[in-house]
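Colleague: I am new to this structure. Please take one part, the sheet and the helices around it, and walk me through it closely.

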Amino acid sequence: MKVPELESYATGAPPILEEIDQTWTPLFKRKCSFPPEIFHQVMMNFIRNPNINTSHLFRADISLEESYTEEFDYKSAISPRLTRIKDFDLNTVMVRTMIPRNIVVDKPLDQTCLFHKRLLDTRQIKSLVTYLPHVSAPEEMPFYHPAVRGIGFLHIYDPQRQDGELSIHYSFFEGEPKSEKLERTAQNLLNVLYKHGKGSAAGYVKRVNHDMILPQATVQNTYARLKKKYAKALINNWVETTDPGKHIFEDLNIAAFLIELWAEIYKDSAFPGFVDIGCGNGLLVHILLEEGYSGWGFDARKRKSWDVYSQKTQDNLKEQVLIPSIVQTNPTSSEASFHNGTFPKGTFIISNHADELTPWTPILANLSSSPFIMIPCCSHSLSGSRFRAPPPTPTSSAFASLVTWATKIAKDCGWVVEKEMLRIPSTRNTALIGRTREVPFEDVDVSEIVQKYGGAAGWEDNALKLVKGKTRGH
């Protein structure tokens, strides 16, 4: 089937949207087949999640969402901008504040979003959504928003023929005609709207759900603060061969999540300290220590980055090999320093892309009666060897299989496992959190768990290989 093409309106085409004292210019249109309900659903999603259309934005904070009546009396700290479009009925008024990723460069923007509707005599249904930014001149507009007074998205649908049309319209500031840049933006906005509408009509189900444990705004605000405070210096002093952008922003985001998670867990008690097992470059440990949290991290091999951090961080990064006491068989003559995997009771265990230690994380948590977070990456068995975890379905990827397998281990250890998809620049962004119990610690035999999941024969030898092996990126 041929995909409907984007059509441009001729220069000087008469306006389709008419306002009492403002002119709306039609720009582009395209055919569609999805009904008004889908259009409304997609536009509501766009309003709540402006990051869909631009990577410069984090999110939108909604301060007003009310049905409109003649007695409309809003209760909002931000006054909405109301407009009347000829031949349309105003149904819903929303006000949002768009929050940029980089608050140093860009500023937040308040914007009114209006939902209009009209049922024509021809039985066609007209649905209109307008965006009205709260600025009075183009030079006041943030970079991430088109420098126009308003944006209109019009959907016309014929229920009998089951076809329709999408179009986009601008209300320009006086003396500011359309430009090539504004037209490109309009094309992109309309194409994304069409794509999402078509996907929703075809029964698209979102594969990933974020912000299941903590509110998006809470974590993003903390991330923005950490990014402003640490990112520039960390990038300038990066000594690893890996991409600083990826690792720095990833660990800043994980740190933000942990800070807010701990604020919830320990709101009525003292923070017990943390340990980052398989801490790699030590960046996450460094950020958390700088933020005032007590803790430490260890890895089988020291990284170059360790010598760049503050003295406090250097004192809390250790070169150690973990051999859990429950599998240690013979004292080793190796010069390597060892840890037996038992920590002070309640210590929060962090396992961030810890690879060989990932399946051990909930087991170690049981040994120390400690909560944990594990963010799986590469798949290893409890023996430390590379292996493919049993796939839960024939089509499951290796990573999905690992996440399912690690979750089963944690549940068998008696944990209530919470799952969060972190907003980090990595496809390995699944976090599994254990902070509450289904089964008391004393009722779980961790040795039996180890045997159930393949045993740990060979762990000591494989762990010692990490001391001499190639250092991984993390």
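Modeller: First, a term: two strands count as paired if DSSP finds at least two bridges between them. This is a predicted model. Now the sheet. It is open and has 8 strands. Their order is β1-β2-β8-β7-β6-β5-β4-β3, and the pairing is antiparallel. The edges are β1 (7-8) and β3 (57-67), each of which pairs on one side only.

Step inside to β6 and β7. Strand β6 covers residues 125-133, and strand β7 covers residues 150-158. They pair in the antiparallel sense over 7 bridges. To find one of the bridges, start at T130; its partner in β7 is G152.

Next, a helix on this sheet. Helix α1 (residues 36-48) lies across β3, β4 (89-100), β5 (109-119), β6, β7 and β8 (163-171). Against β6, helix α1 runs at about 10°.

Now to a pair of helices. Helix α4 spans residues 244-265, and helix α5 spans residues 283-290. They pack at an angle of about 45°, and their axes are 9 Å apart. Angles under 35 degrees would count as roughly parallel, and 65 to 115 as roughly perpendicular. α4 and α5 are therefore oblique to each other. The crossing of α4 past α5 is right-handed.

Which residues meet there? From α4 come H247, I248, D251, L252, I254, A255, L258, I259 and W262. From α5 come L283, L284, I287 and L288. By class, this contact of α4 with α5 holds 11 nonpolar residues, 1 polar and 1 charged.

Methods:
Residues are numbered from 1 along each chain as its sequence is written. This is a predicted model: local features need pLDDT of at least 70, side-chain atom pairs count only at pLDDT 80 or more; totals for chains, interfaces and linings use all residues. Side-chain values use heavy atoms; hydrogens and water are left out. Axes are lines fitted to C-alpha atoms, for helices over the stretch in contact, and angles run from 0 to 180 degrees between N-to-C directions. Helices (H or I, at least four residues) and strands (E, at least two) are DSSP runs, numbered from the N terminus. Angles under 35 degrees count as roughly parallel, over 145 as roughly antiparallel, 65 to 115 as roughly perpendicular and the rest as oblique. A crossing is left-handed if the near helix is turned anticlockwise from the far one by less than a right angle, and right-handed if clockwise. Contact means heavy atoms within 4.5 Å. Ala, Val, Leu, Ile, Met, Phe, Trp, Tyr, Cys and Pro count as nonpolar, Asp, Glu, Lys and Arg as charged, and the others, Gly among them, as polar.
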